[in-house]
Each structure stands twice: as C-alpha cells, then as structure tokens.
Amino acid sequence: MGIPNLFAYIVCLAGKSTLRVVFFAAWHEKPNGCYLQRPILSVVCNGIGRPTSRRASSLQTAGAFSRETGAVIFDDLRAIQLRCGFLPKAELEGLSQRTQTPLYQIHSVASFYPHFHLVPPPKADIRVCADMSCHLNGACEVRADLERRFAGSRPEDVQIRDVSCLGRCDHPPAVSINDRIFSDVTAEHAEQIARGAIRSETPHDPHPEQPRVECKADPYGDAEKYGVVRKLVQSRAWEDVLAQLKTAELRGMGGAGFPTSLKWDLVRRQPDPVKYIVCNADESEPGTIKDRFIMTHLPHLLIEGMIVAGFVTGAKRGFLYIRHEYHLQEEILGEEIRRCNRAGLLGKKILGSDIDFDLEVFVSPGGYICGEESALIEAIEGHRAEPRNKPPFPGQIGLWQKPTVINNVETFINVPQILARGVDWFAAQGSGGSRGLKFVGVSGHVARPGVFEVSMGTTMREVIFNHAGGVRGGRPLKAFAPSGPSSGYLPASLLDVRLDFKALAEAGSMLGSGAIVVCDDTTCMLDMALNAVRFYRNESCGKCVPCRLGSQKMTDMLARWTQSGLSDTQYRADLALLDDLSLAMSSASICGLGQIAPAPIQSVLKHFRGEVDAHVLRGQCPSGICFSAASRAGEAHRVGIRP
Ligand SMILES: Cc1cc2nc3c(=O)[nH]c(=O)nc-3n(C[C@H](O)[C@H](O)[C@H](O)COP(=O)(O)O)c2cc1C
Ligand code: SF4
Ligand code: FES
C-alpha cells in the first residue's frame, strides 16, 4: 500500500471510528489555530499551568504576566478546582457567563490537560508509571499487586491507572498518588499511602535534600557567579557572543541539535521590538532526567544563559517552562530568580545599565507533547498544547506571535561555559573530535542509575559500564536506547558507538536528549517496542491523522504480535502495512512525536528480527514475557490513558 492508499485507509478508519467526532469537532473549533478569543491560561490545581510568580508573590513580574495571558480566568478555574475538587459543569457555566468566554472554549482547554478533573476524582488517585525505565523495573508487577490489594474497593475511594513517565526514571518504579510522586516504590508502600488518602490524609511527597554536586561544567565553583553577565553588560559585545557560539559549534541539546548561534541570530535580526526567551524544561520523554539534575545543581548557569540570550537578541522577558512534577527544581529556580532580582542581575536596568530582562517560571499543565516547542508556546498562551504547523518557526513568529528563542536547559548552560572559558576550552572537553561536556541520564537494568557528566564523544560502553556500574547483577547486556524511545534500540554489539550527533546518526539512532536506557538479556525487545509505541499513542495530541490513528494502529499490531501467532501470509501483510504506516507517519505527521513513533519497532525489526519472528510465526516469546494472560490484561488497562 503506497502513501495515498494508506491515507485513504486512515481516513476510512476515521470515518468508521468514534474518533471521527473528535477529529471533525477539532477541525471546526480551531479553524485558524486559535481556540480562545481571549487567552485562557491552562489551569489545574496545585499550581500546575501557571507562573510560579503568582504563587511566590516576591517575584516581580507577576502583574505583567497575568494581564498578558488572561490569568484571571485561570485563577477562577483553579479556585473552582481547589474548592470543589474538580470542575463541575455548573461552575464552568457560571465562569463562562462571568467572563463572556464561550463554554466550549473553556472546556477545550480543561479537557486537554490530564490534571484537570472534569468529574470528581477518587479519594486515592493512584497512577503507576508504565514507561521504559519503570517497565524494566517491575512497574507492571507493582500495578498488578496494587489491584489485588484494592480489589473490591469502591471507585470513588480508589482508582489505579497507568501514567506516562513521571521524571523519576533513575528511581523506578515511580507512582503518583493524588499528584504526589513516590519513587523506588513497593506495592505495600503505595497501598499504605493510598489508604491514608482514603482516610482524607494528605500524602506528602518525599522532598529529599539534594546536596549540590560539583560539576566540571560550572566555571565559577565557589567564586562569584554571573561573571559572563557582568562582563557583557560592560562590553555589550553581542556579535562576539554569536561568533563564539558559532565557532564552538554549539548545538541544541533538546533533541533536534539545531545550531544555537543560527537560532539566536535569527531572533536578533527580527525588527519587532518585543521578543521572548523560553527555556524548555518540560523533559517528559521516558528516561530523560538530565535537565532535572542540571536545574538542581547548576540553576545559576541556566539563568545566566537565558539572560545572555536576552542581551544578544534584545528580548526583555523570559519564561522557564518546567514540567509540573519537578517541584523541588521549581523551588530552586524560584529562589535563584529572586536572588538575581535582589542582586540586580534580573529586572529593570540590569547592573545599572539600560538593559531590562525579567524572568519567570511557568509550570507546565502536563503532557509530553508540551515539550514540542510550538505546543509549549500554545500552552503558555493558555490553549490546548497542539503543535503549530511550521514554518513559520518560533524564531520569527513565536510566543504571542513574537520572535522567540526556545532552547533546552542544557543548551543554555553551555553558553556561559563557552563565554567564561573560551571556545578552545570547550572544544577540549570533548573526546574523539567531539566538543563539550554532556549530561546523560542512565536508567533501566544498570547497577547505578543516575545522571552523569561526561565528555561528548565518550563511548556508550564507558558510560554504561564505568559510570553507571554496568548491567545490574552482572547479567549480559542485550540492548540499549541511546535516547529514550525516540532513538530506538541498538544491540550490545554497538556498545562502542560514541555519544555524538554524527556517530549516533551513523549508527541509525540519535543523540537526542541523552536518555540512555539499558536492557539486560532477560528483556523482550518486541515488548519494549510495544511499550514505546504505546507511549507515543498515549501522548499523541490527536491533532493530525497520521499520528493519531497511525500510533493506535501500530500499537494494535504489535500487541497482536505479542498475544497470538500469525500465518506467514498474515505476517508479511502486517510487515508491509507497518512499513507504509511508518512512512506515512514519519513523512506526514505535523510534529516530531508522530514522525519518530515508528523508530522503536523499526529498530527492533532491524536488530532483533529473529525475536519478532519467534513471536509471530512460532507463538514463542524467547524471554518468556509475552503471550501471558497478564500481558493481555496489561494492554486492556493501558488503552485510553489520556482523558
Ligand atoms: C514531542 C516532543 C517533545 C519534546 N520535548 C522536549 C523537551 O522536553 N525538552 C526540550 O528541550 N526539547 C523538547 N523537544 C524539542 C523541542 O521541540 C525543541 O526542538 C527544543 O526545545 C529546542 O531547543 P534546543 O535547540 O536547545 O535543543 C520535543 C520535541 C517533540 C517533538
Ligand atoms: S504528530 Fe501527533 S503529537 Fe504531533 S501534532 Fe500530530 S497528532 Fe499531535
Ligand atoms: S519515571 Fe517511569 S519511565 Fe520515567
């Protein structure tokens, strides 16, 4: 089936499916890419989806932000949820009348983000992370055990569901109970907390103190920080900054690897006097935990990188967009911003100059798709986080239609490193021709999961065996994902591939966000491919057909392969359809989520074809994981995680 045929097939599927209603409703509601006549800030309780400046009144920019984003409605919604525990219909109708905002517009936002409750939540809302690192570390068993423990409980007391990666991949399995996150959790511990919640006790998430870790990346150590900003305020050598970033060949660390100097230069050249700097700290891809580490231990470098971006491009405001599960990092950054405001490093007339730059933290309303840069912009503007068509790119038309720099946390911290120590120092940090340092998160079946600061160009062997302590229990390594599900899986035979944009691309993978997930010899690679595509299916925003239906179709196909054998002819037909689906998704999806969703199964077919054949043709799972009643029940539970 070629692409046109496949599209016909997909549209036909849409016609038969109940999804048609959603598809065409969205088409009518959002003809011009803007749901809300006046912007409504995404709203949830517990501070999700709003600038922390509104919580921490000491931040100076709250007023400006709320005027610009219509946060009055946001606050109203939040107040409703806090008062009622959810958003009752009558309250939303009242809000609609009071604010003269059509009810469907309020509803379109409230229904998009998983943390809004449109119906009363149970007293104990238990969500078990179902993604890669937790899946490899007993999450299914914890969930099944919890279901046994709460068998017969009333649904208004307790509900157990899966949830996408909670950002604790180095401490699996992770569970959220009433939005509090618990890591390294046993079913017994989770039951205890949930029973407390049923008795109306508020669960307290452990907030372990994190002593600052010294990093090679920090040019300041114990000395005075923000030296780059201090110097630049004097020299105003903006062009020189761009030249240094260009010579250093700094590339984005959020996944796409776009040259940072080009991005900043594009925004600098835009004539519009209003511009924005946004830091993407959404970090929601399974296995990705490096930005959490950086924000904990190097918050000053991140803020300094953002200030420099403001200087160079002429932007006067910045937003630090952080995932809502990172409470500790939100506090650390809020504290650092307040410190900078007091020291005159942020705000009006920085260090006595005529330059202004305000910075505030924006807490994501949730969802992996919010990390896609244009979806992130939509979320800040108070819309559903649906990616925009590109071009135009955010550098031309971004936040509130203004030129906007969006960079990853790690990209920003590279800037002061380069400017403080010079391009030669930066180049010398890499090995094998690569440049700079790299923070990587290592999780899965390793002895010492965590985040490590290594030279760019280090081999995967060194990262996994020297830094992360090797495979847990001394078992043989079977495979590794260099960067979460997006990178697909590579076999142990490619362990000497270097951590580098080019080397990983040549190996058929990608550097991505540096989320290395390790699988030992007990792992079923088809099960891991299914786990990954299921993640994409769950997190697809549903805006475009190839991704929304393609990811479901792919999940169904792989689930079937893990549950029953097929004839040779059926298998060949499935493989042909899978290739067509992959091609359609990678070439016709609006954003990177749909484009990359086929990568895990394609990599498994390339490197572990014998294992897939054994499942499909002989009905055997060489690892003894598939074909069980539990695996069939697992899929049934997992359907429809997104509300
Ligand atoms: C579905 C999806 C999720 C993404 N999530 C993130 C994220 O959490 N953090 C991030 O920096 N980039 C993420 N990206 C990439 C961003 O769209 C964007 O390329 C990046 O923030 C640019 O920063 P950089 O140039 O510094 O890498 C995501 C992309 C997609 C398609
Ligand atoms: S590719 Fe998927 S996530 Fe991206 S816009 Fe389309 S439906 Fe949404
Ligand atoms: S917390 Fe479970 S995969 Fe990240």
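On a 1 Å grid laid over the protein atoms alone, a cavity is a set of points where a 1.4 Å probe fits but cannot get out, whereas a pocket is an open set with protein on both sides within 12 Å along at least five of seven lines, and lining residues have an atom within 4 Å of a point. A molecule is said to sit in a cavity or pocket if more than half of its atoms lie within 2 Å of its grid points. The structure described here is a predicted model, in which local features need pLDDT of at least 70 and side-chain atom pairs count only at pLDDT 80 or more, while totals for chains, interfaces and linings use all residues. Residues are numbered from 1 along each chain as its sequence is written, chains are lettered from A and ligands numbered from 1 in the order in which they are written, and side-chain values use heavy atoms, with hydrogens and water left out.

Rolling a probe the size of a water molecule over the atoms shows where empty space is left. The structure holds 3 cavities of 30 Å³ or more, and the largest cavity contains about 70 Å³ of space, a volume being the space filled by probe spheres set on grid points that are joined across faces, edges and corners. Ligand 2 sits in this largest cavity, whose lining includes Pro 387, Ser 540, Gly 542, Ile 590, Leu 593 and Gly 594. By class, the lining is made up of 7 nonpolar, 3 polar and 1 charged residues, where Ala, Val, Leu, Ile, Met, Phe, Trp, Tyr, Cys and Pro count as nonpolar, Asp, Glu, Lys and Arg as charged, and the others, Gly among them, as polar. Ligand 2 is surrounded by 13 residues, of which the closest are Cys 541, Lys 543, Cys 544, Cys 547 and Cys 591; a residue belongs to such a shell if one of its heavy atoms lies within 4 Å of the molecule. These closest residues also appear in the lining of the largest cavity, and the shell around ligand 2 divides into 8 nonpolar, 4 polar and 1 charged residues.

The largest pocket has a volume of about 1,300 Å³. Of the 41 residues that line this pocket, Gly 254, Gly 255, Ala 256, Gly 371 and Glu 373 are the closest to its centre. Two or more residues of the lining come from each of helix H12 (260–269), E8 and H24, helices (H or I, at least four residues) and strands (E, at least two) being DSSP runs numbered from the N terminus. The lining of the largest pocket comprises 14 nonpolar, 19 polar and 8 charged residues.

Ligand 1 sits in the largest pocket. The elements that give two or more residues to the shell around ligand 1 are strand E8 (404–408) and helix H24 (592–596), and E8 gives the most, with 3 residues. Among the 18 residues around ligand 1, those that come nearest are Gly 254, Lys 263, Glu 283, Asn 408 and Thr 411, and the shell consists of 4 nonpolar, 9 polar and 5 charged residues. Polar contacts (pairs of N or O atoms within 3.5 Å) link oxygen atoms of ligand 1 to the side chains of Lys 263 at 2.8 Å, Asn 407 at 2.9 Å and Thr 411 at 2.6 Å. Taken alone, ligand 1 exposes 610 Å², of which the protein buries 88%, the areas coming from the Shrake-Rupley method with a 1.4 Å probe.

Most residues other than glycine have a negative phi, and most peptide bonds are trans. A cis peptide bond joins Pro 172 and Pro 173, with omega about -10 degrees, and Pro 173 is found in the loop between strand E2 (158–163) and strand E3 (175–177). Another cis peptide bond joins Pro 391 and Pro 392, with omega about 0 degrees. Pro 392 is placed in the loop between helix H16 (373–380) and E8, and the loop between H16 and E8 also holds Gln 401, which has a positive phi of about 70 degrees although it is not a glycine.

Note on methods
Polar contact = N/O pair within 3.5 Å; in protein donor to acceptor, adjacent residues only side chain to side chain.
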